[in-house]
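Here are my comments on the model, set out as numbered points. Please read them with the coordinates open.

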Amino acid sequence: MRVHGEVSDDEAAVAVVGETVPSSPPPASVVQPLVVGYALTKKKVKSFLQPKLLALARKKGIHFVSIDETCPLSEQGPFDIILHKLTSKEWQQVLEDYREEHPEVTVLDPPNAIQHLHNRQSMLQEVADLNLSNGYGEVCAPRQLVIMKDPSSIPDAVAKAGLTLPLVAKPLVADGTSKSHELSLAYVEASLPLLDPPLVLQEFVNHGGILFKVYIVGETIQVVRRFSLPDVNTYDLGNNDGIFRFPRVSCATNNAEDADVDPCIAELPPKPLLEKLGRELRRRLVLRS
Ligand SMILES: Nc1ncnc2c1ncn2[C@@H]1O[C@H](COP(=O)(O)OP(=O)(O)OP(=O)(O)O)[C@@H](O)[C@H]1O
Ligand SMILES: O=P(O)(O)O[C@H]1[C@H](O)[C@@H](O)[C@H](OP(=O)(O)O)[C@@H](OP(=O)(O)O)[C@H]1O
């Protein structure tokens with residue numbers, strides 16, 4: 001990387017989304033901007049590269065440049081970092097080739113590391129294998145089962161695996177599409193053949209209707225409180241046929257920061273536990289951030 005550390009407002013380079021990188025070297029007294037090339041879907045550009053973030057980046061001397069996927073990557077840049085979230089096989093290959101040619105550029109994250117995260121089975125297996133507990137608490141994954149096809153086989157598969165209803169069903173592939181974020185809930189066995197494989201089935205875990213979403217970048221941890229599915233009781237179990245679908249249960253608009261909930265439920269998870277979780281997951285998943 002060419003530049004580390006912050007620059008003052010006066011020194012900061014002007015970052016414009018989609019702007020090309022200046023090729024002539026700056027005077028020695030001017031700090032070079034950190035150039036982040038980004039290859040993101042339109043949806044992600046809209047949600048992520050918001051004016052507030054761009055203004056902050058500008059202050060810090062970080063320069064975002066749009067990558068044109070239709071042109072050779074090596075002819076673009078130079079970049080310090082490539083930030084990407086595209087899933088095609090061709091793009092993964094382009095990135096792998098680029099990484100070999102440009103080991104000095106940080107690719108966030110390397111395609112082979114992300115493979116794990118495109119599949120909920122492999123992603124959650126890492127959590128299940130963590131076996132993490134310290135003086136502050138414990139991290140576990142709900143019991144789960146993968147169904148690849150044939151919805152009519154689900155009741156038998158569930159019985160064989162010893163999973164207890166109700167079950168949540170999540171698409172196996174987590175590729176950033178709206179469909180991949182859909183969640184289904186089945187209370188009774190007769191509803192299970194209505195599900196749509198390939199999917200991961202998980203035991204429903206009562207958690208007081210509040211979820212903590214943990215964002216980790218390097219050593220920085222940010223936890224937010226969101227509304228979630230309410231607890232299930234025995235009445236629900238006997239009175240809900242069919243499949244209940246939830247598109248975005250704990251999305252940003254379901255903010256529960258100021259909700260009037262039992263402090264025992266709303267209390268944030270202990271930081272030392274989250275620090276250990278972040279470190280362990282990063283190591284196991286070979287992720288950079
Ligand atoms: N096993 C479970 N028991 C009870 N509720 C669950 C369970 N798994 C997920 N949920 C609920 O479903 C929501 C979506 O879960 P999912 O695992 O799809 O999260 P996610 O992929 O991290 O979602 P996103 O990144 O889209 O916010 C959670 O926010 C939570 O409210
Ligand atoms: O807004 P929060 O609560 O942080 O939830 C995010 C999800 O965790 C991400 O998985 C979404 O990104 P993808 O849709 O690319 O997976 C991401 O999608 P977005 O970038 O389109 O907003 C968000 O839904």
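1. In this predicted model, the centres of domain 1 and domain 2, taken over C-alpha atoms, are separated by 30 Å. The domain assignment of the protein chain places domain 1 at 34-116 and domain 2 at 119-285. Contact between the two involves five residues of domain 1 and six residues of domain 2. On the side of domain 1 that touches domain 2, the classes are one nonpolar, three polar and one charged residues.

2. Ligand 2 deserves to be read together with that domain arrangement. Because domain 1 (34-116) and domain 2 (119-285) both contribute residues to the shell around ligand 2, the ligand lies between them. The surrounding residues are Lys43, Lys44, Ser47, Phe48, Lys85, Gly176, Lys213, Cys251 and Ala252. Helix H1 (residues 42-48) supplies the largest share of this shell, namely four residues. By class, the shell around ligand 2 divides into four charged, three nonpolar and two polar residues.

3. Which residues come nearest to ligand 1? Of the 13 residues around ligand 1, these are Pro142, Gln202, Ser228, Val249 and Ser250. The shell around ligand 1 is made up of eight nonpolar, four polar and one charged residues, whereas the shell around ligand 2 has four charged residues, alongside three nonpolar and two polar ones.

4. Helix H2 (residues 51-60) is hardly covered, since the count of buried residues among its 10 residues is one. H2 is followed by Gly61, whose phi is positive, near 80 degrees.

5. On confidence, the model scores ipTM 0.94 and pTM 0.84, while the mean pLDDT of the protein chain is 87, with 89% of its residues reaching 70 or more. Over residues 1-22, however, the pLDDT is below 50, although this stretch has 44 contacts in the model beyond near neighbours in sequence. Where pLDDT is low, predicted coordinates should not be read in detail. As for the helices and other parts compared in the protein chain, confidence is highest in helix H6 (residues 154-161), at a mean of 98, and lowest in helix H7 (residues 234-238), at 85.

Note on methods: Residues numbered from 1 in each chain as written. Chains lettered and ligands numbered in written order. Predicted model: local features only at pLDDT ≥ 70, side-chain atom pairs only at ≥ 80, totals over all residues. Near = placed C-beta within 6 Å. Helix = DSSP H or I, 4+ residues; strand = E, 2+ residues; numbered from the N terminus. Nonpolar A, V, L, I, M, F, W, Y, C, P; charged D, E, K, R; others polar. Domains from an automatic or database assignment. pLDDT = per-residue confidence, 0-100. Contact = placed C-beta atoms within 7 Å. Buried ≥ 20, exposed ≤ 12 C-beta atoms within 10 Å, placed from the backbone.
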